[in-house]
Structures are given as structure tokens and as C-alpha cells.
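Welcome! Take a moment to look over the structure below, and then we will walk through a few of its features together.

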Amino acid sequence: MIPVAIGLLFLFLAIGLPVAAALALLGLGLDQIFSPVDLRLAMGELGWVSSSNALLVSVPLFILLGEILLRSGIADRLYDAMSRWLSWLPGGLMHANIGASMAFAATSGSSVATAATISVVGAPMVERYGYGERLFFGSIAAGGTLGILIPPSINLIIFGWLTETSVPKLYLAGFLPGLVLGTGFSLTILLVCLLRPAIGGHRIAVDWGERWRSLWGLLPPFAIFVIVIGSIYAGIATPTESASLGVVAALVLAALHRRLTVPMILAALDGTMRSTGMIMLIVMTAWFLNFVLAALGLISAMNGAIAGMDLGPTGLILSVIALYLVLGMFMDPLAMMIVTVPIIAPLVKDAGFDPVWFGILIVLLCETALVTPPIGMNLFVVQGVRRRGTIDDVMIGVAPFVLCLIAMIGLLLVFPQIALWLPSALSD
Amino acid sequence: MLETTLRQISLVMSRLGGGMLLAAALLVAVEVSLRMSRLVIFSVGTELSSYALAVGAAWSFAHVVFERAHVRVDVVSQRLPPLPRAFFDVLAMASLAVVGFLLTLAAWTTFATTLALDTHSNTTLATPLAVPQGLWVAGIGWFTFIAAYRTATAAAALLRRDLAEVTRIAAPPSAEDEASEAALDARSRMEAES
Amino acid sequence: QDLPDVNLKVSGGNRTQNMFKFIQEPFFTKQITEDSNGAVTTTFGSLDDLGLQGPEVLRLLQLGMFDISEGTLSYMAGEDAHFDALDLPGLTADIDMQRKVADAYRPTLAKILEDKFKVKLLSMSPIALQVIYCKGDIKGLADLKGKKVRTYNRGMSDLVEAAGAAAVNIPFAEVVPAMQRGVADCAVTATSAGNTARWWEVTDSLVKVPMGWATTFFAANLANWNRLDPKVQAFLTDEFAKMEDRQWKQAAADIQDGINCNTGMGECKNGIPADKKMTLVELSDADQALAKKLVEGVLKGWASRCGADCAKDWNAKVGTLLGVDAPVE
Ligand code: NA
Ligand code: NA
């Protein structure tokens, strides 16, 4: 069944079917070939349940927040300030993409929302400052993945629930790896731009007065950041609710900039819904495909195979990594976690590994899954906002960052303290 | 003419969908502020915003078709000669129509069951679920109709060998026209600012 | 006995539940097959495997996606208010009494399931007693006043609101961070589920006010069931009855084990011994009296949702056992 599934998926994608249609048709096709039950009818119930999921509401709201910042000129001033300060670095504004992703990751629990926001805000800068598109958009797709590593994080919450691991501890554990990985992404940009200076964008003449004045442009986004993250940490709002506060704050700022007009709101809604419609149709069909695979018994067979192998601790971890890298090419990371973690986590724990450390490892693998072709939601989101060229540009541009993610996974294997130091230092 | 009308309707639906999400965000913000002030505490925003997500997204599907933004991994097909590439563009549009059709049937069954059982959400709000699900089905149905209509016009253009028209209707936004569009967009924003 | 070969598609509960690990999974993956000498096998998946939330299971079963499914009654109460009847909060914290209640009400549920949803009821059992986990020092029910309590169904909201608290709606996954930061002060779940989800890390008091039982059932798609050989039907009926017994024992053990693990009083067997021990708050006599008053409101709301015939039937079967009456309009 697995070769048929992968073969069909590659065929559907290769002939250029929309990703959502490819996933739905794959589910229906596998059902026709392997199962006597007519799963077509289940699409209604599953479609409703998956698309009315309260945890996903923050995704379009963060995109809307980004659109409002973009269309009220706030985002332009933010990037203007950053370009004045960062353009001397090889890679210039791409470091700002990473920095902005890290800041946004600290307010949003979702990588897709983080990538969507930063690409909406950052996309217009490519031409203005003459960057190489591939690496620029690759840096946004990769930077966006930090959304689930730096707390808050939907994936860490789900991991905690599936494995009975402390969510507060997981949050603490994600913090340092998030900083290290963000730095790693920046180093990746630096390295690539040193090798290929042409893609690093033009430098801007330095005028210190302009530089200092440009800093005012950082203030409004910083205010939103404080409101969103402050409301979470002060116990005023849940991470999902905080997205709503962020949208309202952005509207207020737009009004202060005298840019809150009906055409502006409509343009922001149009941009938001274009991404949201694309993402949600994929979400619906991905859950349907997952249901078909599970109903056909594929998932229990796969889980059984892993549990059946008798490997040493190192062998176990390496095969888990290999499994997630492969599954991650095709599956939605959240679905992938939910179907595999309950089986694998106990084995890993029995082999003597710390569950908190394993949670961070899994999240890093989920991040990788978000940017590996052929199915990688962050790639789709970035391409969806970019709206020109083809998606291979993004896939090629993200490749150096995938290597960086794999290096990060290696680093976490060798130095588990990166994840474990902070939670142990802060607990008694 | 027909195309303009259908495009306009789809755009309005998408904006209404976005409006629902925006309204949900405002409601949640009000709810959070009231909860903070401990004046009145009510908790309906989470539930209503989840309906806004489902309905709003479904109502934007058709607009996304017109915008050619249902993303494709066309690594192979974009390297083909114009004629087969146009054929696969039509096929891609047709696949959306087929999936939309099957989704509409299944979603209709869900909605009809909800209506027959008079299902309510088991919360204080006790929302009659037929309302959000009905709106949701309507969005998916409209999406299916638009995808079918775009398939038909693209197929007709293919038969007349009008490949430019096929590209306009069904190919992903191409490098050339989008680049100029983005530049225009950026310029207009700069001008508005100064 | 010689049974014809048959493979059943089955969906179970959540993998995180003890009920799943200790009862359901061994039952469907080993025991049925062994007891039938290899004739009856299952393709078995948990809710998480299938990417399901819970409330949609009954409809998927009705559509024939599965031959047999586990469902949680109160998740489905939006489809029919009868499904709330066994989980109304404030009624009983005694599992032996709850089993009598469930047995008495079984014919009503079986009939609704069969007539309205075309599925055949095979077994019923609770997951565990639902209680309230609270931040801070709570002495009794009166202290709930002014608190924000995360509830997950209508009856629970009615009860906490009658107690002067505010019911808040937060997705399950966000409950721990919400309570840690104080977005919610309290939340409802089972003694055992809250223990394994480590709610004791972010709360202090375990208030033993009965908030329902998370009653679950197994049922079969009626058309698929009727197609089975009568011998297989008899075999399955018998197997499910035996499993139901084990489920009730597991639930009873889980309730006490959850309390032990959360509070550090008594041996903690299947849960996680809390580092930060919770205080068990038993209801005082005054609390019991208050609870009785609060329940009146819950029953009134439920009866008006369920209708006069439903309330009458409940009074005759359940009300008499518990000594309460749902108002009949
Ligand atoms: Na985050
Ligand atoms: Na991937």
C-alpha cells in the first residue's frame, strides 16, 4: 500500500494538481483500491470538524494582523529601520526576516501563521532592496518554523498531552534551542551570502541621523508584540485569544497612522482570505487523507513495525529521526505527531531518554517537515503570498536552512543540555 | 460579463468571510477586556470564532480559484511545452471541481443530518449548528460551481488553441504579470505615504 | 465453538486514557481474537490515530465508516439531550450508585441510539469521575464564587454559573497554559486524566464536587451488525458484557488512583505522583446542601432541553434511585 500511496501522490503533484485536490484524490483513490467502505461520506464530518477547530483560528488572525501592518505602512517603516541598521551585513534584511520570525514566534503558537505574517510583511522588500528571491523566501519559510519551537507552541502542547509531559517544562526547554536555531539560520544566510554576494541585496548609504530617526519605525510593531505576548504571560488571554488582541491593536495603530480606511481594510481582508482559503482547504483534505490511512490500518501497521524492532538506544533515536524525516516529507506535522508519538514516546522513554528532550527533538523534526518538499505547508504559504515564479524557487531557497535544521538536530543529540538546562535550572 | 459578475460575487463572499473573522476577533477582544475588568464574564468568542473560521474559509475558496492561489507543486508540468502545459492547467482546475463536488455532497449530508436532528452545540450558547453548517455548505457549493465554470471556459479555450486564455484562467500567477503588479502595489503605497 | 471469519473496523477512545491502554487495546487487538480462536479480528484505531475530536464519531458510525465505535455521551448531547442524562453534574460521586443509574437508563439510550442513529448499543461505562481542579486555596463550593472555570458541556456551565463562577470555553489543549497564567482559575476533568495531564503542576485544590462521569459507550452500526452471523453476534454480545465489567472496575480504580496520585495520600499505581501535592477538598454538609440547590437549576435546564416525556422517563428510572426529580413541564 505504501508504494502505491507515495507513487500516486507524486504523480498527482507532478502533473500540477493543486495540493488540496491531490491530497483528497489520494485519499479517495486509496479508499477505492484498498477498502470496501465508502469513505467519501466521511469527508463532510471530517471537513467540518477540522475546519471549525478553535486552535486554528489564530492562523488567519495573525495573517490579518500582518496584512494590516503592511497596508498601514507600519511594516515598511519596520523594514526600513532594519535595512538601515542591517544592510552592512552580508544578507542584510534576511537577518531581519529571522529576527522578526523569532519575535513573532514568541507571540504565536503556529509556524504557518508565523511564516504567513513575515512573508506578507517581507515580500515587498525583495524588489525594493534587490535580494535574491530564492534565499529571501527560503529564509522566511525557515524562520517561520520557529513558531512551534519558541513558546507558545501548539505542537509542544499536543506533545505534552500525548506523552504526559509537563507543558511548562517543554516551553522552557524550547526557548534556548529556539535562540540557537534562529542564530543558526542567520549564520546560514551569512555563509550563503559570503559565497554568493550577488543575492545579498544592495547596501544603503549610512547616514547616522536617518538611522536613529528610523528607529521610530520599530515602535509600533514592538507595541503590538508587547500587547500580544503581555496578554499571554499576564494571564489575560490564551494564545488563541491573544491573536484577536493583536488584530485590534494593529487596527488602532493603523488609525493612529491615519491609514484606517475602508479600502485598506478590504485589501487586508482580501490578502488574508487568499492565504486562509488556500491553507484551510489543504488542512481539510490532509485530515481526510490521514483518516483514510488510519482507517485502512496503515498507521497501526507502521506503529507496530517500529515497536517490533529491537534496537539499542542510539539505533532507536536514529531510526525515529529517519522515520520522521521521511514521513515529514508527505504529512502534516501535527497529524504526524498525533499518530506516531503515543507509540514511539514510551519506547524512547524506556530507552532512558528524557521526555522533555524528546519533545524538543520531535518539534525540530516537525519544523523540518514544514519545509521539506513535496508537502510542506510553510513552502505553500510563502509561495501563496509571493504569487510569482514557481514553488521550486522556495524549495531551493530553503534547502540550506534544511541542512541547518538537520545540524541543529545533531547538536541536540550531542548536547541535550541545550534543551534541558533551562528547565532544570529554573526548577528546584 | 458573466465572468466579471461571478468574480465580483466571489470577491464579496470572500470579504464577508474575512469580515466574520474580523468580527470574531473584535468580539474576543471585547470579551477578554470585560473578563480582565471582571465586570461581566461571558465566553462565546472561542465558539463563534471557530464557526467564523470554517465558514469564512469556505466562502473564500471561490475567490482563491479566481486568484489562482490554490497552490500547486508544478515542478514537472511547468517545464512542459505550452500545449501539454495548458492541458495540465485545465486538468488542475478540473480536479478542484471534482473534489469540490464530492466535498459538497458529503458536506450536504452533514448539514442535512444536523438539520434533521436539530443539533445544537452543547454549550451555554446552544448554537443551532445547522446555521454555521448551512453557510459552510453554501461556500463549498459556490466554490464547486466556480471551479466547474473555470474548468469549462479553460477547456473551451484549450479546444480553440487559445493558450494565453488558458494561462489567464488556470495557470499559477506567472512571473511577468505578477512582478509588475507587485511593483505597482509598492509604488502606490509609497505615494500614499508621501 | 466454530465462528465464521470476520474482520471488524473499530474506533476506540484516546490513547492517553488508562481505559484505552489497559482495557480497550488489549480487548480489540488480542482478546477477541483469542477467545474466538482467531475467527474474529479487528482493524482497530484510536481517536487520535484517526484525527477525530469525538463528537462526530456517532455520525461516522451511523454512516458505516466503522462497524463498532466508542463514543462519549456528553460530547453528543447536542444531537439529543438524552445523551446528557447520565452525566448531569452534582448528582452522585458514588460509582456503585452510578452503575445502577446507568443500568436503569440503558433501555432508554439503547432505544434512542437504535431508532434515531441506527446503531446498536453494546456496552456502557464511565471513564472516571469528573471533578474541579483549582488554583489557590479552595475550602468548598462557596469559594468558587467569582472564579473562571473551564467547563466542556452545558450542564457543567449551568452548575458553576449557579455557584457564582463564570464558565469559560477554552480548547482542551490550552487548558494547562491558561491555568498556569490565570486565564482560567479552575477546570473540569477526571481525577485520573488531570493527573496524567499534569494539571497538578498548575493547580492546588482538587474539589470533589461530582461534575459527571464522562460516560462512554460502544455501539455497532446496525446494518453491519445485522449482517453478522448470529453466532458472531452472540459471541460479541457476551464479550462486550465481560469487557464492560472490567471497564467499571478500571474506572473505579482510576478514580481513587487519580486522587492518590494528585494528593500524595495513598499509593499511586498508574498515574504520576504529584511533585506539588494537591489538597483534596471533600464537600462539607453545607456544601452538600448547596450542591443540592445548584442541581435543581441544572435539572431544570436539562429537562427543558430534553422535553416532558424525557424528564418523566428519567424521573422514573434515575430520579427514584437518586432521590431527585427533574421538573416536568
Ligand atoms: Na511560538
Ligand atoms: Na514536508
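Which residues does I132(C) touch, not counting residues up to four places away in sequence?

## Around I132(C)

This is a predicted model. In it, I132(C) touches L144(C), V149(C), V160(C), C186(C), A187(C) and V188(C). Its other contacts are S205(C), L206(C), V207(C), V209(C) and M211(C).

## The nonpolar cores

I132(C) also belongs to the largest nonpolar core, which has 341 residues. Together with F358(A) and F380(A), I132(C) is among those with the most contacts inside this core. Helix α15(A) supplies the largest share of the core, 20 residues.

There is a second, separate core of five residues, and L245(A), V28(B), A29(B) and V32(B) are among them.

## Where chains A and B meet

Let us return to α15(A), which spans residues 262–295. This helix packs against α1 of chain B, residues 2–37, with the two axes 9 Å apart. The angle between them is about 95 degrees, so the two helices are roughly perpendicular to each other.

On the chain A side, the contact involves I265(A), L266(A), L269(A), D270(A) and M273(A). They meet L11(B), S14(B), R15(B), G17(B), G18(B), G19(B), L21(B) and L22(B). By class, this contact has seven nonpolar, four polar and two charged residues.

## The sodium ion

Which protein atoms are the donors of the sodium ion (ligand 2)? They are the O atoms of G328(A), A369(A), T372(A) and I375(A), along with OG1 of T372(A), lying 2.3 to 2.7 Å from the ion.

Along the sequence, these donor residues follow the spacing G-x40-A-x2-T-x2-I. Of the donor residues, A369(A) and I375(A) are both buried.

Note on methods:
Residues numbered from 1 in each chain as written. Chains lettered and ligands numbered in written order. Predicted model: local features only at pLDDT ≥ 70, side-chain atom pairs only at ≥ 80, totals over all residues. Heavy atoms only, no water. Axes fitted to C-alpha atoms, helices over the stretch in contact; angles between N-to-C directions. Helix = DSSP H or I, 4+ residues; strand = E, 2+ residues; numbered from the N terminus. Parallel < 35°, antiparallel > 145°, perpendicular 65-115°, else oblique. Contact = heavy atoms within 4.5 Å. Nonpolar A, V, L, I, M, F, W, Y, C, P; charged D, E, K, R; others polar. Core = buried A, V, L, I, M, F, W, Y, C linked by side-chain atoms within 4.5 Å. Buried < 20%, exposed > 50% of the residue type's maximum accessible area, 1.4 Å probe, protein only. Donors = N, O, S within 2.8 Å, 3.2 Å for Na, K, Ca; no water.
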